[in-house]
Amino acid sequence: MFNRLEFLRNEINRHDRLYYVEARPEIGDADYDALYRELEALEREHPEWAAPDSPTQRVGGGPLAAFRQVRHAPPMMSLDKVHAKGGLLEFDTFVRKQLPEEVWDYVVEPKVDGVAFSLLYEGGLLTRAATRGNGEVGDDITANVRTIRSIPLSLAGGPPPEVVEVRGEVYMTRAGFAALNRREEEAGREPFMNPRNATAGSLKQLDPREVATRPLEAVLYATGAARGVDFPTHGGLLQRLADWGFKTPPWQRLCVDIRAVMAAVDELEALRHSFPFEMDGAVIKVNRRDLYDRLGSTAKSPRWARAFKYEPERALTRIREVTVQVGRTGVLTPVAELEPVLLAGSEIARATLHNADEIARKDIRIGDAVWVVKAGDVIPAIESVAADRRTGGERVFVMPAACPVCGGGVTRLEGEVAHRCVNPACPAQLVNRLEHFASRNALDIRALGEAIAEALVAQGKVRTPLDLYALTVPQLETMMTGDAETGLRKFGKNAQTVADALEAARALTLDRWLFATGIPNVGVTVAENIALAHADYSALADSPLLRQVVRLDALEKEAELVNPRSRNRPSHTDEERQTRHEQYLRICGEIGVIGDGFVGAGLARKKPGTSLPPEYIVDIKVEAAKATLEFFASDYGKAWTTRMGELGINPRSPERRAVATDAPLAGMTFVLTGTLSQPRTVFAERIAAAGGGGQDTVSKATRYLVAGPDAGGSKLNKAKGLGTEIIDEAALEALLGGGTPPRITPPPAPPPKGDYQQQELF
């Protein structure tokens, strides 16, 4: 059995490398998923065989409370930049002056416009990832980086070095960035300005599960300190990185002199739009790494490398008109219809304006002369208005009050930048609703993809996703899909697959059906939380609990308004102060009653302290509660609920993950530090399952500090100062088993760590 588990891990890692690094997959998604599911099942059956580098450990644990900071040793430097060939000549003159008797060459490679980061491998295993930060100190983003499948969790290619730190860039491909922005706009959120901003924002997410949904890639091209390995040349370093399983720069040139460097820089610029990522320049490095110390560095940059920046491409044109598109989630997107202009090798005639706020911020008007760029070298966007070219005949654009597709009402939800069609039956939204209904995390109707959804809508076979249950297999078999360009074909044998999946979906749990319903702000995790608090689907229609979530939010805002000590709204008389004080206490009392009820139901956690009003972290967000109540109160929602009843479908809640008050760790709070036998996320989940809680730093609320052999001295010292009990992993296991842990002698503060390590600051 263990041999099969090891085979699955190695095979999945091999396929990950083939797909994400080498771009030559051997198997399809279905076969890959089958291997992955088998591995998950084996690891559930045998938790004693857990391994930190297993493919299933890429996303683990819940949201982080905050990022730890780590110190880079040696520091992560940035490159000096030049914008003209003269700067390259000056660089070469400096190198020749410093190395008059040496022979060397240069390496030229693309400058990926991403976010610099580092990876620390100890014994071949990934132990830490960090952002560059200010070069000296960065954020620990290990949990987020583990979700990037092109980054190996363990080094391939033979015996690993004792320690090696590799450095590079996290980035988004142009296609991934475009898809992400489409999702953001369809959800009513502000789109990202460019791939680099999207990447930086993704890496700073506190929930690794959210990071896993972002299309992140990584390219590695440098090292920090290392032990047990040497790299004589930069070209040799890149080859070793590739052997270990990393993506390296996809284009490189070895140049014997500065003339060859300039030719390579020009060659690379001609190719800049052919790469899948945004590339804003070339990097030139001395190839012989043994010369780096002699060339030295400034306070911020190495003297053995330069970055040559290319000029950004943009074009001047004029806005003829602004039209409005309706997306698949009902979001209205204004689009600038342009006088066609040639930019970056293609003719541009349209550019998205994203939303009304973006139009107002840039003061864009119909008839304006505008500068157009390509965001991420792929998405046409208006950079700015050429205001000096205005004639006075330009017109201000106003978002429509009615949907241009169905004529339904348009609204703008609080906290959203998008205007949205409120008619769930809008034809523009139906294809997306069908795709969502059939998606993997919803009802998992695998044969029903975009093409089939479009055919069903175009041929008038469905008006809501539940209409799928009225279709017969013969009707589906004879349905034509495709178009004149790709060729028309019958749906055929896939019809039975859809029918079988629809029948199997009747037995799925409430969370899956709630997510499939497609309510705004109700994602997979939110659907799970709501489902755990309700018996079945019919209980959602007028849920008292969801109304209490909304009520709690309203009370918290009301308490802020009537607080007699508010600096923004001070009381002017003793009588007013007394009245507000009484109101405030009444509201705080009601907040406590509702919040404590949520805590008792396992739906919330109370923040420590005795502040007024009491503060709670509720699993069900108020936006989701409001959206769910509004959906079931709408005509569309009522018709949906009625149809579910007619179909005999009333999904029940999944098993509640309630924690008994007599659970082994009920009421105990833990902090984990140092190296443990398994990833900290594994222990955190076990602690939570046993009723305990976790913290990132030691405080008065900490019951136990669990210290591994190399625990950081600052946490130990703080725990000693507060009188917090310090235990080891064996004692934690005793607690998890319901026993009493023996006190242990706190380990001494560790000696200074070696140069190769990124050291914790606390």
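Student: What share of the 762 residues in the chain is buried?

Tutor: Buried here means under 20% relative accessible area with a 1.4 Å probe, counting protein chains only. This is a predicted model, where local features need pLDDT of at least 70, side-chain atom pairs count only at pLDDT 80 or more, and totals for chains, interfaces and linings use all residues. Numbering starts from 1 along each chain as its sequence is written, and side-chain values use heavy atoms, with hydrogens and water left out. For the 762 residues, the buried share comes to 47%.

Student: Okay, what is the strand order in the open sheet of five strands?

Tutor: Strands are DSSP E runs of at least two residues, numbered from the N terminus, and two of them pair if DSSP finds at least two bridges between them. The pairing in this sheet is mixed. Reading across, the order is β2-β11-β10-β3-β9.

Student: Why is one side of β2 and of β9 left without a neighbour in the sheet?

Tutor: β2 (81-82) and β9 (253-255) each have a single partner strand, so one side of each has no neighbour in the sheet. That's because both stand at the edges.

Student: Which residue in β9 does Tyr-106 stand opposite?

Tutor: Strand β3 covers residues 106-112 and pairs with β9 in the antiparallel sense, over three bridges. Opposite Tyr-106, in β9, you'll find Cys-255.

Student: And at what angle does helix α3 run to β11?

Tutor: Helix α3 (residues 85-98) lies across β2, β3, β10 (279-286) and β11 (305-309). Angles go from 0 to 180 degrees between N-to-C directions, using lines fitted to C-alpha atoms, for helices over the stretch in contact (heavy atoms within 4.5 Å). For α3 and β11, that gives about 175°.

Notes
Buried < 20%, exposed > 50% of the residue type's maximum accessible area, 1.4 Å probe, protein only. Helix = DSSP H or I, 4+ residues; strand = E, 2+ residues; numbered from the N terminus.
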